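This report goes through selected local features of one model, from single side chains to a sheet. Please read it alongside the coordinates.

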Amino acid sequence: RNSQEARPIASITKVMTAMLFLEQRPDLSSDVVISGADVRRASTTYLRRGERVSVRDLVHLALVASDNAAARALARVSKWGTRRFVSRMNAKAAELGLLKTKFTGPSGLDEGNVSSAADVSRLIAEAGQLPQVAGIMRKRSYRITTNRRSRDIRNTNRLLDTSLDVVAGKTGYIDEAGYCLATLVRLDEERPVAVVVLGAGSSSRRFTETRRLLDWLSDEARSLLMSAAE
């Protein structure tokens, strides 16, 4: 497929949501009460209406567990409020030169959140340079604590369970987008490589496809080095 083709990116959207939210330097220890609108038709969420949860846990829920209510809550409590937060997401995309990217909401549940493989690779590379964002995306699991309970959440990115040196990564899925994965991986000592798979037919295929592309890149790099040495 054309790497410039705009298509739905589902929860990869949350990379921009978290980047923009954390740019405000929020008080991560402050609490947020989850609203009915946050959880309504949220599909994937660990949160319940009326629950009190820290901003730190909301950011982890959004990036580690791909929690839709958490992403909505972050946009809502930002200094801009939800609607202006989404406008800021689009302004940030333009600032980063993501010309095929458009956001209509903070979670990615809406098929109006679109981007291209080329734009997403630039977005994940940008996130990889932000220690706070990338550090959260690399956590295999995390324990959230609300005013009602504690529970462990697991990262949706299965590549973290492999030998790959993952710098940053985010999964996504809605029917209109298929199974998506954006990953930044360090091969040897070189600069990290961004690999983006959009529209895979199954959850496992987005991971195997990424591994296949990384293996091909490693082989290419090896043969280039060998021919340079000859």
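K92 counts as buried, because its relative accessibility of 11% falls under the 20% limit for that class. The model is a predicted one. K92 belongs to helix 5, which covers residues 81-95. Apart from neighbours within four places in sequence, the residues in contact with K92 are M16 and E23.

**Aromatic pairs**

How many aromatic pairs does the structure hold? There are two. In one of them, W80 and F85 have ring centres 6.0 Å apart and planes at 50°, so this pair is tilted. The angle lies between the limits of under 30 degrees for stacked and over 60 for edge-to-face. The pair formed by Y173 and Y179 is stacked, with 4.2 Å from centre to centre and 25° between the planes.

The burial of the four ring residues is listed below.

| Residue | Relative accessibility | Class |
|---|---|---|
| W80 | 16% | buried |
| F85 | 0% | buried |
| Y173 | 36% | partly exposed |
| Y179 | 22% | partly exposed |

Both members of the tilted pair are thus in the buried class, W80 at 16% and F85 at 0%. In the stacked pair, Y173 is partly exposed at 36%, and Y179 is partly exposed at 22%.

**The sheet**

Strands 7, 8 and 9 form an open sheet in the order 7-8-9, with antiparallel pairing. Strand 7 (165-174) and strand 9 (193-200) are the edge strands, each pairing on one side only. From one strand to the next, the twist averages 10°. Strands of a sheet pair through backbone hydrogen bonds, in either a parallel or an antiparallel way.

Strand 8 spans residues 178-186 and is joined to strand 9 by six bridges, the two running antiparallel. One residue links this part to the aromatic pairs: Y179, whose ring stacks with that of Y173, has A200 in strand 9 as its bridge partner.

**Helix 3**

Is helix 3 largely enclosed or open to the outside? Helix 3 runs over residues 55-64, and nine of its 10 residues are buried, so the helix is largely enclosed by the rest of the structure. The buried residues are V55, D57, L58, V59, H60, L61, A62, L63 and V64. Just after helix 3, S66 adopts a positive phi of about 55°.

Notes
Residues numbered from 1 in each chain as written. Predicted model: local features only at pLDDT ≥ 70, side-chain atom pairs only at ≥ 80, totals over all residues. Heavy atoms only, no water. Phe/Tyr/Trp six-rings, centres within 6.5 Å; stacked < 30°, edge-to-face > 60°. Buried < 20%, exposed > 50% of the residue type's maximum accessible area, 1.4 Å probe, protein only. Helix = DSSP H or I, 4+ residues; strand = E, 2+ residues; numbered from the N terminus. Contact = heavy atoms within 4.5 Å. Pairing = 2+ DSSP bridges. Axes fitted to C-alpha atoms, helices over the stretch in contact; angles between N-to-C directions.
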